[in-house]
Amino acid sequence: MAVKRGMDAVYISNHGGRAFDGVQATVSALPRIAEAVDGAVPIILDGGIRRGTDVFKALALGATIVGCGRPVLYGLALGGTLGAQSVLEYLRDNFALVMRLAGTATLKDISSEYLVPGAEV
């Protein structure tokens with residue numbers, strides 16, 4: 001519906017969804033949304049990103065951009081700007097390690113073929 005209505009992107013988030021028991025994780029909803037969007041607009045995924053493996057999975061399942069707000073806010077609360085910077089550097093470095101371990105040289109190389117079928121996302 002977003003693409004048909006001329007949206008520039010699709011933003012997937014369940015923030016505020018915690019008010020309801022059993023709300024689907026954003027990464028679980030991502031494959032269906034990516035299929036529906038079919039590359040027409042970027043997909044921004046936000047929620048549940050804590051490690052480089054989370055970023056890799058989100059990109060492999062169709063996200064174009066991956067947000068990681070809460071860990072950065074925790075870093076900011078604990079260490080100010082250096083704490084926030086530390087969280088972002090950890091995430092960057094861990095994601096780079098995951099890419100190397102998977103054998104993906106570029107972001108475009110990341111695809112669902114690197115995920116274990118039927119494994120929890």
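User: Which residues of α2 are buried?

Analyst: In this predicted model, helix α2 covers residues 52-60 and is mostly covered. The buried count is 7 of its 9 residues. Those residues are Gly52, Asp54, Val55, Phe56, Ala58, Leu59 and Ala60.

User: Against which elements do the buried residues of α2 pack?

Analyst: The buried set includes Val55, Phe56 and Leu59. Contact here requires heavy atoms within 4.5 Å. The elements packed against are α1, β2, β3 (65-67) and α3 (69-102).

User: What is the phi of glycine 62?

Analyst: Glycine 62 comes just after α2, the helix of residues 52-60. Its phi is positive, at about 125 degrees.

User: How many aromatic pairs are there, and what is the geometry of the rings of phenylalanine 56 and tyrosine 114?

Analyst: The count comes to 1 aromatic pair. The ring centres of phenylalanine 56 and tyrosine 114 are 6.1 Å apart, and their planes stand at 85 degrees. Planes over 60 degrees apart count as edge-to-face, so the pair of phenylalanine 56 and tyrosine 114 is edge-to-face.

User: How many residues apart in sequence are the parts that this pair ties together?

Analyst: Phenylalanine 56 belongs to helix α2, whereas tyrosine 114 is in the segment after α3. The pair therefore ties together parts whose separation in sequence is 58 residues.

User: Is tyrosine 114 buried, exposed or partly exposed?

Analyst: Its partner phenylalanine 56 has a relative accessible area of 5% and is buried. Tyrosine 114 has 32% relative accessibility. The range between 20% and 50% is the intermediate class, so tyrosine 114 counts as partly exposed.

User: How far from aspartate 46 is the nearest side chain of opposite charge?

Analyst: Aspartate 46 is found in strand β2, residues 43-46, and is buried. The nearest side chain of opposite charge is that of arginine 50. A salt bridge needs a distance within 4 Å, and aspartate 46 has none, with arginine 50 away by 7.3 Å.

User: Which side chain does aspartate 46 join in a polar contact of 2.9 Å?

Analyst: Aspartate 46 touches several residues beyond four places away in sequence, among them Ile12, His15, Thr26 and Cys68. Tyr11 is also one of the residues touched. The polar contact of 2.9 Å is between side chains, and the partner of aspartate 46 is tyrosine 11.

User: Is aspartate 38 buried or exposed?

Analyst: Aspartate 38 sits in the loop between α1 (26-37) and β2. Its phi is positive, near 50 degrees, in a residue other than glycine. The relative accessibility of aspartate 38 is 67%. The cut-off is over 50%, so aspartate 38 counts as exposed.

Key:
Residues numbered from 1 in each chain as written. Predicted model: local features only at pLDDT ≥ 70, side-chain atom pairs only at ≥ 80, totals over all residues. Heavy atoms only, no water. Helix = DSSP H or I, 4+ residues; strand = E, 2+ residues; numbered from the N terminus. Buried < 20%, exposed > 50% of the residue type's maximum accessible area, 1.4 Å probe, protein only. Lys, Arg positive; Asp, Glu negative; His and termini not counted. Polar contact = N/O pair within 3.5 Å; in protein donor to acceptor, adjacent residues only side chain to side chain. Phe/Tyr/Trp six-rings, centres within 6.5 Å; stacked < 30°, edge-to-face > 60°.
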